[in-house]
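Student: Could we go through this structure together, one question at a time? I would like to see how each answer is reached.

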Amino acid sequence: MHEIKFKVNGVEQTASVEPRLLLVHLIRENLSMTGTHIGCDTTSCGACTVLIDGKSAKACTILAVQANGKDITTVEGLATAEGLHPIQEGFKEAHALQCGFCTPGMMLRAVELLEKNPNPTEEEIRWGISGNLCRCTGYNNIVTAIQYAGAKMRGAELPSTEPEFV
Amino acid sequence: MIPEGFEYAAPATLNDALALLSQYGEDAKILAGGHSLIPMMKLRFAAPTHLVDINNIPGLSYIKEEGGYLHIGAMTKEVELEESRIIRDKYHIFTDASKLIADPQVRNFGTIGGNIAHGDAANDHPAVMIALGAEVEITNSTGSRWVSIDEFFYGFYTTAVQQGEILTALRMPALNGKSGTSYHKLERKVGDYATAGVAVAITMNDDGTCKSAGIGLTNVNPLPLRAKRSEEALVGTGLTDEDILCAAQYAAEDCSPNDDLRGSEEFKRDMVKVITKRMIKKAISRT
């Protein structure tokens with residue numbers, strides 16, 4: 001067993017873990033934070049995406065021991081006492097989820113994307129979320145939600161979130 | 001899916017890591033980015049008894065031009081290649097390749113050294129290294145040696161890196177204004193291995209003829225393949241459409257793809273031909 005020390009959403013945590021324990025299980029089972037989902041369990045779908053020191057990571061493909069000394073953000077850490085994170089607000093306003101299973105991972109991936117590129121084009125967003133699968137929405141509203149969050153975070157005019165009927 | 005049990009160590013120095021690898025022997029594996037190894041361990045295709053995590057060893061991640069070479073540290077992550085100024089300005093082949101390797105989350109962790117040391121002809125960097133004429137630095141407890149990329153791959157998942165050794169760096173001749181590079185792979189979807197991939201590096205003479213050519217092929221051969229005849233068909237020529245078509249035809253003939261879910265052998269040879277032609281033209285346009 002390895003003793004590890006890490007932060008989740010700003011809170012210091014310690015755990016005693018077997019080397020083969022995956023980070024996603026540490027988060028879901030040891031810490032009972034079930035906002036981080038397990039989808040494919042094969043590094044494909046992105047439902048388990050969290051931020052490790054600000055970098056989006058698939059928690060099904062990281063060992064819990066590798067989190068030692070790291071700062072982890074999960075979906076539970078996005079909202080503050082003041083309200084929703086802009087990305088959450090974007091997903092709500094743009095109807096960017098249906099079943100919601102991919103949403104936590106999708107939002108955390110978007111947070112890093114917007115951190116690096118505050119005003120991404122549609123193409124950059126689509127490449128940026130290419131490691132996150134959504135089987136409901138067809139992605140269009142997710143793209144809008146990320147544009148909305150980007151605009152909100154840089155203080156620009158918010159884009160329309162009305163669906164386009166063609 | 002949970003991997004089989006193993007012991008884990010994260011040494012802080014290269015010497016400690018080398019000592020652990022020697023001590024544990026052939027059942028030990030190096031954990032770099034882990035995005036090939038951990039999935040294989042979860043599927044129980046791999047069951048190492050010890051993992052030696054080299055992420056805590058400083059000094060293995062860098063991208064720099066020095067002494068006529070581009071040097072890349074083995075632990076340099078794909079995302080660092082993607083975002084590097086030198087790479088973006090001069091080494092377009094990496095920008096082409098990085099975008100097509102797995103997905104953004106995987107590129108945050110996957111390393112160039114791991115991509116090559118894995119010894120998988122389906123990975124993208126081996127072909128890029130072949131095109132660029134790279135050398136691989138292998139370190140053991142007695143020192144380091146440089147191995148040409150052409151002598152690096154031995155077989156499926158086996159390379160010149162022996163037990164108790166670590167791939168520590170890569171170097172390739174620095175490119176100048178007369179060089180152009182490109183890479184493309186055909187993939188069915190984001191994150192898939194290549195149906196076929198082609199890496200090209202072209203250097204021109206002042207008179208517009210081809211001085212040197214490097215062409216590497218991804219996932220159409222048991223080992224990452226240098227398309228030698230294709231290279232020879234270009235050197236010394238004026239790179240006319242006919243010369244390029246001839247080189248592309250040789251690449252299609254000289255590889256050895258398998259029929260599989262990604263396509264038939266015939267289809268893959270056709271794709272090698274098409275992509276080779278396009279990548280040579282793209283590399284020329286970047287000189």
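Student: Let's start in chain A. Where is A:His95 found?

Tutor: Happy to help, and keep in mind that this is a predicted model. Look at helix 2 (86-93) and helix 3 (103-116) of chain A. A:His95 is found in the loop between helix 2 and helix 3 of chain A.

Student: What is the phi of A:His95?

Tutor: Most residues other than glycine have a negative phi. A:His95 is not a glycine, yet its phi is positive, at about 55°.

Student: Is A:Asp53 buried or exposed, or partly exposed?

Tutor: A:Asp53 sits in the loop between strand 3 (49-52) and strand 4 (55-58) of chain A. A:Asp53 also has a positive phi, of about 50°, without being a glycine. Buried means under 20% relative accessible area and exposed means over 50%. With 43% relative accessibility, A:Asp53 therefore counts as partly exposed.

Student: In what order do the elements of chain A run?

Tutor: Chain A has five helices and five strands to place. Reading from the N terminus on, the order is β-β-α-β-β-β-α-α-α-α.

Student: What is the radius of gyration of chain A, and why does it agree with a compact globule?

Tutor: The C-alpha trace of chain A spans about 55 × 30 × 25 Å along its principal axes. A compact globule of 166 residues would have a radius of gyration near 15 Å, so the value for chain A agrees with that: 16 Å.

Student: What percentage of the residues in chain A are buried?

Tutor: Let's begin with the outside: the accessible surface of chain A comes to about 7,700 Å², and 49% of this belongs to carbon and sulfur atoms. Among contacts in chain A with a separation of 6 or more, 55% are between residues 24 or more positions apart. Of the 166 residues in chain A, the buried ones make up 52%.

Student: How far apart are the mean positions of the positive and negative charges of chain A?

Tutor: Chain A has 14 positive and 19 negative charges. Taking the mean position of each set, the separation is 4 Å.

Student: Now for chain B. How many residues of helix 8 are buried?

Tutor: Helix 8 of chain B covers residues 125-132. Its buried residues include B:His125, B:Val128 and B:Leu132. After helix 8 of chain B comes B:Gly133, with a positive phi near 65°. Helix 8 of chain B is mostly covered, and its buried count is eight of eight.

Student: Which residue with a positive phi follows helix 5 of chain B?

Tutor: Helix 5 of chain B spans residues 92-100, and its buried residues include B:Phe94, B:Asp96 and B:Leu100. The residue that follows helix 5 of chain B has a phi near 45°, and it is B:Ala102.

Student: How many residues lie between strand 6 and strand 7 of chain B?

Tutor: Strand 6 (residues 135-140) and strand 7 (residues 143-148) of chain B run antiparallel and are joined by six bridges. B:Asn140 stands opposite B:Gly143 of strand 7 of chain B. Strand 6 and strand 7 of chain B form a hairpin, and the number of residues between them is two.

Student: Which strands stand at the edges of the sheet 11-12-13-14 in chain B?

Tutor: This is an open sheet of four strands with antiparallel pairing, in the order 11-12-13-14. An edge strand here has a single partner strand, so one side of it is left without a neighbour in the sheet. The edges of this sheet in chain B are strand 11 (179-186) and strand 14 (225-226).

Student: What is the bridge partner of B:Ser182?

Tutor: Strand 11 and strand 12 (residues 196-204) of chain B pair in the antiparallel sense over eight bridges. The partner of B:Ser182 lies in strand 12 of chain B, and it is B:Val200.

Student: Is B:Thr195 buried or exposed?

Tutor: B:Thr195 has its place in the loop between strand 11 and strand 12 of chain B. Leaving out residues up to four places away in sequence, B:Thr195 touches residues including B:Leu186, B:Asn219 and B:Phe267. Its relative accessibility is 2%, so B:Thr195 counts as buried.

Student: What distance separates the C-alpha atoms of B:Asn15 and B:Thr142?

Tutor: B:Asn15 is found in helix 1 of chain B, and at 59% relative accessibility it counts as exposed. B:Asn15 and B:Thr142 are 127 residues apart along the chain, while their C-alpha atoms are separated by 10.0 Å.

Methods:
Residues are numbered from 1 along each chain as its sequence is written. Chains are lettered from A and ligands numbered from 1 in the order in which they are written. This is a predicted model: local features need pLDDT of at least 70, side-chain atom pairs count only at pLDDT 80 or more; totals for chains, interfaces and linings use all residues. Side-chain values use heavy atoms; hydrogens and water are left out. The radius of gyration is taken over C-alpha atoms; the globule rule is 2.2 Å times the number of residues to the power 0.38. Buried means under 20% relative accessible area, exposed over 50%, partly exposed in between (1.4 Å probe, protein chains only). Contact means heavy atoms within 4.5 Å. Accessible areas come from the Shrake-Rupley method with a 1.4 Å probe; for residues, only the protein chains shown count as cover. Lys and Arg count as positive and Asp and Glu as negative; His and the chain ends are not counted. The place of a charge is taken as NZ of Lys, CZ of Arg, CG of Asp or CD of Glu. Two strands pair if DSSP finds at least two bridges between them.
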